[in-house]
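Here is a friendly walk through one protein model, with stops at two loops, two helix pairs and two strands. Have the structure open as you read.

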Amino acid sequence: MEIHIPERSLVALIGTSGSGKSTFARRHFKPTETVSSDTCRAWVSDDENNQAATNDAFEVLYHIAGKRLRNGLLTVVDATNVQAFSRRHIVDLARRHHCLPVAIVFDLPEEVCCARNLDRSDRVISNRRIHAQWLNLKQSLCRLKDEGFRQVHVLKSVEEVEAVTGIVRVSSETAR
């Protein structure tokens, strides 16, 4: 299965910790296209797990994304993005730069995300926190178009995520 997205777009990867967003980004986008909240957190604090650095990290993330969009480059935001207020920044940034906001949602079962989280060597997030993220995601799935996302692609299982064979970039004019 291919996912078609506008060549001039800001893609928000949306899903709980452990849902496979970063792995998907590495598989389907150039490293330079993806701006990761974890990477930005590491840049500002030398520790991608340092939650105290989150505000600074997102300031850097939105700055980099804005510069890329200003230069007409497809940009991918790799963060949980499960809450409406965090997605609002993405939609606003896309609008400011006259590109289309696209959501790729990783709506995987909570149990899968918790199990994957336990296998991580770099950090472990509590199941309670993953549950809260999962609930936020479930509550907002039906509102993504209302929030301003022009395209919403929902992947509901590990099999669906793995079935994505590529991201096809289409003219932004035909995607409007």
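Asn81 lies in the loop that runs between strand β4 (75–78) and helix α4. This is a predicted model, and in it the phi angle of Asn81 is near 50 degrees, a positive value in a residue other than glycine. Asn81 is also buried, with a relative accessible area of 2%.

A second loop makes a good companion. His98 sits between α4 and β5 (100–106), and its phi is near 55 degrees, again a positive value in a residue that is not glycine. Is His98 buried or exposed? At 61% relative accessibility, His98 counts as exposed. Here are the two loop residues together with two strand residues that come up again further down.

| Residue | Place | Relative accessible area |
|---|---|---|
| Asn81 | loop between β4 and α4 | 2%, buried |
| His98 | loop between α4 and β5 | 61%, exposed |
| Thr34 | strand β3 | 19%, buried |
| Arg169 | strand β7 | 35%, partly exposed |

Now for the helices. Two packed helices are described by the angle between their axes and the distance between the axes. For α3 (residues 54–70) and α4 (residues 84–96), the angle is about 25 degrees and the axes are 10 Å apart. Angles under 35 degrees count as roughly parallel, so α3 is roughly parallel to α4. The crossing of this pair is right-handed.

Which residues of α3 and α4 meet? From α3 come Tyr62, Ala65, Gly66 and Leu69, and from α4 come Ser86, His89, Ile90, Leu93 and Ala94. By type, this contact between α3 and α4 holds 6 nonpolar and 3 polar residues, with no charged ones.

The next pair is α5 and α6. Helix α5 covers residues 110–118, and its residues Glu110, Cys113, Cys114 and Asn117 are buried. Viewed down the axis of α5, the buried residues fall within an arc of 100 degrees, so they line one face of the helix. The spacing has a simple background: an α-helix has 3.6 residues a turn, so residues three or four places apart point the same way.

What do the buried residues of α5 pack against? Their partner is α6 (127–140). The axes of α5 and α6 come within 10 Å and cross at roughly 145 degrees, and the crossing is right-handed. In this contact, Glu110, Cys113, Cys114 and Asn117 of α5 meet Asn127, Ile130, His131 and Trp134 of α6. The residues of the contact of α5 with α6 divide into 4 nonpolar, 3 polar and 1 charged.

Finally, back to the two strand residues. Thr34 belongs to strand β3 (residues 34–36) and is buried, with a relative accessible area of 19%. Leaving out residues up to four places away in sequence, Thr34 touches Ala25, Phe29, Val76 and Asp78.

Arg169 is found in strand β7 (residues 166–170), and at 35% relative accessibility it counts as partly exposed. How many residues apart in sequence are Arg169 and Pro6? They are 163 residues apart in sequence, while their C-alpha atoms are 5.5 Å apart in space. Setting aside neighbours within four places in sequence, Arg169 is in contact with Ile5, Glu7, His28, Phe29, Glu33 and Leu74. Phe29 is also on the list of residues that Thr34 touches.

How values were computed:
Residues numbered from 1 in each chain as written. Predicted model: local features only at pLDDT ≥ 70, side-chain atom pairs only at ≥ 80, totals over all residues. Heavy atoms only, no water. Axes fitted to C-alpha atoms, helices over the stretch in contact; angles between N-to-C directions. Helix = DSSP H or I, 4+ residues; strand = E, 2+ residues; numbered from the N terminus. Parallel < 35°, antiparallel > 145°, perpendicular 65-115°, else oblique. Left-handed = near helix turned anticlockwise from the far one by under 90°. Contact = heavy atoms within 4.5 Å. Nonpolar A, V, L, I, M, F, W, Y, C, P; charged D, E, K, R; others polar. Buried < 20%, exposed > 50% of the residue type's maximum accessible area, 1.4 Å probe, protein only. Arc of directions from axis to C-beta.
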